[in-house]
Amino acid sequence: MFFAIFCLTCIIGAILSTMFVNRTLIPSNRSRPTTQSGNSAIKESADSNSATIDEINDIDRLSLEITKVTEQLLQAIANSDYEMYKSLCDPKITCFEPETIGNLVEGLDFHKFYFDTGKFARSDTVLSPKASKSTINCTMLTPVIHTLGDESACIAYILLLQYIDRNGQPQSVRTEETRVWHKKDTRWQCVHFHRSGMPVAAAIKSSFSIVVAHSFIYHSFMREIKVTLLPILSS
């Protein structure tokens, strides 16, 4: 009798031990979906990061395109290259600038006038002296670009223009500009711009007046010295 009870106790102990091992050491089927869900979440997060990197690369690419096409436009203006300028502008381009004296101007005829003059005049943003192309230097400073999708963008910057005046003296003119670009048939075109600052022609006239004034003051001063000091030195 005692032996039978002992055997029954051993059998029950073995059964309980097996059940304990199965519960604690062997993962159940119900835990596997959780693990798979975790892996799926990790993969989804990686895909999300990849998409963000792609978006950043697209923005950088668009920013480089806008900067390059803006520089081409400014170079066309500096070189009095109206055909290049025309190809980079929408036929119905609009603008506000000092030369429009507060009016919104639409179309290219207004700008073509300055290309055709061939004198030290304003053409959109910079001087266009056909006979003095080598004396003009344009520098675009601190450009800030806002991408508005894949086919539109806005760029704002400072344009520093260096030129040689009629007296052979280097002068500088600064303007603040904003340009809106739109891609049409795989080509970027400027559809609107806003330029602040005094008219370039007026700036040149002002700088020339300053040079003349300085020259007048200098010669007047030298004349006074001669009138005052010559009698003293001769005595």
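Is T142 buried or exposed? T142 is exposed, because its relative accessible area is 58%, over the 50% cut-off. The model is predicted. This briefing covers an open sheet of six strands, two residues with positive phi, T142 and D185, and a negative surface patch.

**The sheet**
- Six strands make up an open sheet with mixed pairing.
- Their order is β2-β1-β8-β7-β6-β5.
- The edges are β2 (105–106) and β5 (137–147), each of which pairs on one side only.
- Strands of a sheet pair through backbone hydrogen bonds, in either a parallel or an antiparallel way.

**β6 with β7**
- Strand β6 spans residues 152–164 and runs antiparallel to β7.
- The two are joined by 13 bridges.
- Within this pair, A153 lies opposite W181 of β7.
- β6 and β7 form a hairpin, with five residues between the strands.
- G168 sits in that turn and has a positive phi of about 80°.

**β7 with β8**
- Strand β7 covers residues 170–184, and strand β8 covers residues 187–196.
- They run antiparallel, and nine bridges join them.
- K183 faces W188 in β8.
- V180 has H192 of β8 as its bridge partner.
- This hairpin has two residues between its strands.
- D185 takes a positive phi near 55° in the hairpin.

**Positive phi outside glycine**
- T142 is not a glycine, yet its phi is positive, at about 45°.
- T142 belongs to strand β5, one of the edge strands of the sheet.
- D185 is likewise a residue other than glycine, with phi near 55°.
- The place of D185 is the loop between β7 and β8.
- D185 counts as exposed because its relative accessible area is 73%, over the 50% cut-off.

**Negative surface patch**
- D58, D60, D150 and E151 form a negative patch on the surface.
- One of these residues, D60, is found in helix α2, which spans residues 32–78.
- D60 has 41% relative accessibility, so it counts as partly exposed: the value falls between the 20% and 50% cut-offs.
- That value also fits the patch, because patch residues need over 30% relative accessible area.

Methods. Residues numbered from 1 in each chain as written. Predicted model: local features only at pLDDT ≥ 70, side-chain atom pairs only at ≥ 80, totals over all residues. Heavy atoms only, no water. Patch = residues over 30% accessible without salt bridge, like charges linked within 9 Å, V, L, I, M, F, W, Y side chains within 5 Å. Areas by Shrake-Rupley, 256 points an atom, 1.4 Å probe, with all protein chains shown as cover. Salt bridge = Lys/Arg side-chain N within 4 Å of Asp/Glu carboxyl O. Lys, Arg positive; Asp, Glu negative; His and termini not counted. Charge placed at Lys NZ, Arg CZ, Asp CG, Glu CD. Helix = DSSP H or I, 4+ residues; strand = E, 2+ residues; numbered from the N terminus. Buried < 20%, exposed > 50% of the residue type's maximum accessible area, 1.4 Å probe, protein only. Pairing = 2+ DSSP bridges.
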